[in-house]
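Here are a few short exercises to work through at your own pace. Have a go at each task before you read the solution below it.

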Amino acid sequence: MSAPAAPPMRRSRLWDTLRDMAARPSGAIGLMLVVLHLVMALISPWIAPYDYREMNSAVILGGPTAEHLLGTDHLGRDVFSRVLLGGREALVVTGIATPIAMLWGGMLGVLLGLRGGWVDEALMRLVDAFLALPGILPLLVLITVFGSGNEVLTPTLAFFFGIPVIRVARAAAHEVVARDFISAARARGHSPLSIVRREILPNVTDTLLVEGAMRWSWMLLGFSALSFLGFGVAPPMPDWGLMISDARVYMSLAPWGVLGPVIALSSLIIGINLSADALAKTLGLDQGRKAVV
Amino acid sequence: MIQLLLRRLALGFVTVWLVSVIIFLGVEALPGDACTAVLERDAHGEALAKCRVDMGLNAPALARYVDWAGAALTGDFGVSANGQDSISQIVGYRVRNSLLLAAGALSVGIPLSLLLGVVAGLWRDTWVDILFSAGAIFAMTIPEFVAATILILIFAIWLGWVPAIVLTPADAPPLDFFPEFVLAAVVLTMIMIAHIMRMVRSSVIEVMASDYIQMATLKGVPYWQIVFRHALPNALLPAINVIALTVAWLLGGVVVVEVVFNYPGLGRLLIDAISDRDLPVVQAITMIVAATYVGVNLVADILGLVLNPRLRSHHMSRG
Amino acid sequence: MANPPLIDIQGLSIGFLGRSGAMLPVLHAIDLRVCRGESIGIVGESGSGKSTLALAAMGYLKHGLKKISGEVIYNGADMFARSTGELARIRGGQLGLIPQNSGQALTPTLRIGRQLHEALRLHCALPDGGHEARAIDLLTQVRLPDPAVILRRYPHELSGGQQQRVAIAMALAGEPDALLLDEPTTGLDVTTQAHILELLRDLARTRNMAMVYVSHDLGVIARVCDRVQVLYAGETVLEGPVQAVLKTPAHPYARGLLASIPRLGDRSLPRALEGRPPAPGSDRTGCAFAPRCALATDQCRTIRPPMVTGEAGQETRCFYPEQTTRIDMTGSGAPLSCCMADNPAALSLNRVAIRYDRPGALARFLPARPRPPATVDDITLTITQGETLGLVGESGSGKSTILKTIAGLLPPAEGTITLGDGTALTPRVEQRRPEQLRRIQMVFQNPDESLNPRQTVADILGQPLRLYFGLKGAERHQRAAALLETVRLGAHYLDRRPGQLSGGEKQRVAIARAFAATPDIVLCDEITSALDVSVQAAVLELLNDLKARHQTTFIFVSHDLTVVRALSDRVAVLYQGRLCEIGASAAVYAAPSHPYTEVLLNAVLEPDPDHAPRLLAEDATDLSPPARGCPFQRRCPVKCGSICDTDIPPWQKAADGHAIRCHIPLKDLAKTGPA
């Protein structure tokens, strides 16, 4: 038995979902962290106390003081200002690439799940082949050849992070396609596109939303890993991954240099994951709990 | 059953073949080739033409693919771009080192993750579960280079228990890497434990809520017998595939961790090769990693088939 | 009751914690006493709390449920107060459980032998090596053939009936004083059900066990119980001897329930019980049944009635037990709409065969194996306009498969399907023209599956209106509202989603969707089997109504012979994908009939304690039809010789288009008429 029927609702579903998410501890913390980071990324150019390029040779690797809250780096730049600004590139690139990855991967996956047959079989082998490549390799190769500008990174990330989405969307669509309302729609004679749009998509969007949130955090991980390895954001632009990589060298002298970007990056990714977790529970997608009666 | 196994095997080969095609085409599509890389600034005119003739680069793409793939099948990946070194030799030590690191992480990680997952699942919603699950989310989400950096800061710099980075050369005997590789192994273990544990936990919860566990309880079976005899065999079956994915990842994809700790494994070699534009080495590593990925997953599939009685006798399915 | 009760449940209330933080009860102050050698039936519809009660008798509550008050006394002590060790000794020992779905209640990774040995080891002190012999002995007692082979099998390798027998053997291993049976035969075929119930009756008699049967099926209760307790919305509304409760029930709900059951004996529609029970945990004042009761007064709506003594030893929770006799328990008497036999054809199937197996890509490279016989073979049928054809058979008879093929969802391997006007239907739905598609509509078994949970009722009904008639906006909305009226739902349902509707309401929406296309032919695939019996009656009434109004042709598939009987003009009996018998429904349900029809009819249980089923044949164990000869050869009780194994029987024509496919001459078949 399902829970007693809810009263007919007229409020927006987005608002309800967000409110339900915020009612859970994980959702409340997660949403707070994500919103905080987004707001910070928007307003940081105006609130950062120093220019991110401004070097002060007087305080190289200086410790935290009233002027420099998080100290200064090996070039004498203010770490606090750089931490405030250090997520902007990552958020812009992943913020554009994630929806694109979800869209193309999701649509292709759903179509393959509905159609089946040899096209599905062949494309899935190709997907398998791409997944078998070492995760970061295609990104690295493309970046070394074409450079690491946002105009290269965004489509590259959108493409490669969309491939695993095909699998997820296809599996979700498979589950829906096996149900009788799809048979009913087929028996009525609806076109495949109409079936995808009206019958399948509404039933897989929840799964894809949660998946999208997870993909976003993974893409952020990938982006900062690239920066960390020196293949991402180019200096002197501040980026958390790059800052950690730079500050690591002087870690024994100035440990505060790593802590700032480490906390910033981790809190964003943990925030996204907690939100994704709460979203899954709110949408009823976690399998652990069943109705009582 | 045999037919199912053959089918899986065939699909595995198809995937590996597709990988080789993707890699070959990918390298073809890149500007420049082995000769431009070797000759660098001298890559023009006669020298370039001669080099291309010498290295057989003027042959049609299909012929070169067949040559390369054929040699790769026998374990011969040719020579690296920058010199005359045999790729198989360079890669050989790196594969061994990566295996060493993976073995370290797996030997601790698999038993521990299964244990933690089962405990969290059986005591779901208690403080043990909340603690373990929160720890898992933490370990899964913070970037591996962040975890590595923090560990180095604490254990190498502040406490001074272990060296921060590995300085042993790639071809040193395996024992020389101890204790240098411990921190690297710890980082990898943490990540893999988090993934496997979460999966095992939800699987245990699902199985413990099933009809057959209720039936066993009402048959009067004591709790721990229910857990070990009725629940775990069913709950741990799906863990095989997650473990396989982790193993595949450990054997090939740990680029970042190897770079952070300066560990001479396959991952760091890949980064170096890309920086040097040493395309033959990149091709070789990619092929090895991809084949491992497919192979490990294939083994997991086959294990699943052998261990799950429901899949084993598929012919009994009723309509 | 001279002897003391074995299990004594006193004032047991169980509930779950609601979202508001309040305890919401699913069982209210239940009293239940079972003595040694006695069988008690607990009857109720879904949500009545009957399974919760059965499990609570073993001191077990599902995750999330809590005991609010009351005791379950067994052997002098409360089950809920016992230690885990004590409970483990009693459960599976003195108290055995037989679960509803043994397929899911047996551990999938353990062989039957190990699971049986476990029960024996826990509850039965036997010397080493004695277990093997005892296990075989137990499987023999539950009448499983080849017990030694069964012991080595995994649960999924057995049929549903075999799994249920294994579960019974496992319960017997502990030499129980009492068995708790939670819907022990639900989901099994009629013949299997009849066999299992006879087995349980014998066991109860020979071992002097107490039994508590939980079931929604009054036919099952009538067959095996001495006393009955009727649950409604978590409370006992009627208790008494089975004879009295089933013949002269002293509670309006019990009377309504009995009236809603279709009977094999009379061809009329059962009477629907309108309304729906309150949701579990909803709070209430007064009698829970008052909103659906014809006798309800203001007193009923405000004060909860106490249990009072009624007619023939019954205890009833009603203020007006004497007046309940006024409630009619016979069928609705609604005139069954009937069609002319000489109407033109609406649909013809000509030698249709259907296969599920298709050779895969790899099979071409493997040595060729003989192909198994087709799942459905040699189906030739003509359905006339405005008629209802019932297709009956047990699971695996291919009845739903045939509907899918007509709908174009599963192309036939051989044969043709033609519409009444002579146009042949293309095998695949994708190749059919919209006009052809519109004329054939299908209603599926489970509305939870066939209605998209993400769409509103308006969206669901709007789909065919948009597709076939191009209706838009207000016009579509009006038409959808009108369709809801025809299935007796108000226009306010348009904004709801399937999750907000009850099972019966969902199925009505599914029927309305089919009628939105103004079809000529409606295919009904077990459309009432997921519904409670009182809701089923209302749906049957609705179908009859629609048929009279729209002259629609129905093909009505069901495993339930009584439901088919209530609605069909003609009936076709299928066994393992082959037709056995076809004819006007009165003729099929009377002599002469095919031996298989005979077996089915005799296994049907009626909600009448004086009716006994006759077991003419073993229940099915083979999954695929034989390669040659009569499909029923392996189970036929009157098999006439080797000809049945080698030759497909001929169609023998009786009066009025009644035809039987058997080697035995009609006059001999007539001698063994239905009971």
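**Exercise 1.** In residues 9–258 of chain C, how far apart do the end C-alpha atoms lie, and what share of the span is helix and what share strand?

*Solution.* Keep in mind that this is a predicted model. Start with the ends: the C-alpha atoms of the two end residues of 9–258 in chain C are 27 Å apart. Next, take the secondary structure: helix makes up 39% of this span and strand 26%. Finally, look at the record: an unreviewed UniProt entry annotates residues 9–258 of chain C, and also residues 354–601, as "domain: ABC transporter".

**Exercise 2.** Describe the side of chain C that touches chain A.

*Solution.* Begin with the residues taking part: 30 from chain C and 21 from chain A, counting C-beta atoms within 7 Å. Then find the helices of chain C that each give at least two residues to this side: H14 (434–439), H15 (447–450) and H16 (457–469). The largest share, 3 residues, belongs to H16(C). Last, sort by class: chain C's side has 15 nonpolar, 10 polar and 5 charged residues.

**Exercise 3.** Now do likewise for the side of chain B that touches chain A.

*Solution.* Here 38 residues of chain B meet 35 residues of chain A. Among the helices of chain B that each supply at least two residues to this side are H1 (2–29), H7 (144–158) and H14 (279–307). H7(B) gives the largest share, 7 residues. Sorting chain B's side by class yields 28 nonpolar, 8 polar and 2 charged residues.

Note on methods. Residues are numbered from 1 along each chain as its sequence is written. Chains are lettered from A and ligands numbered from 1 in the order in which they are written. This is a predicted model: local features need pLDDT of at least 70, side-chain atom pairs count only at pLDDT 80 or more; totals for chains, interfaces and linings use all residues. UniProt positions are given in the numbering used here, feature names are shortened, and annotations may be inferred rather than shown by experiment. Helices (H or I, at least four residues) and strands (E, at least two) are DSSP runs, numbered from the N terminus. Two residues are in contact if their C-beta atoms, placed from the backbone, lie within 7 Å. Ala, Val, Leu, Ile, Met, Phe, Trp, Tyr, Cys and Pro count as nonpolar, Asp, Glu, Lys and Arg as charged, and the others, Gly among them, as polar.
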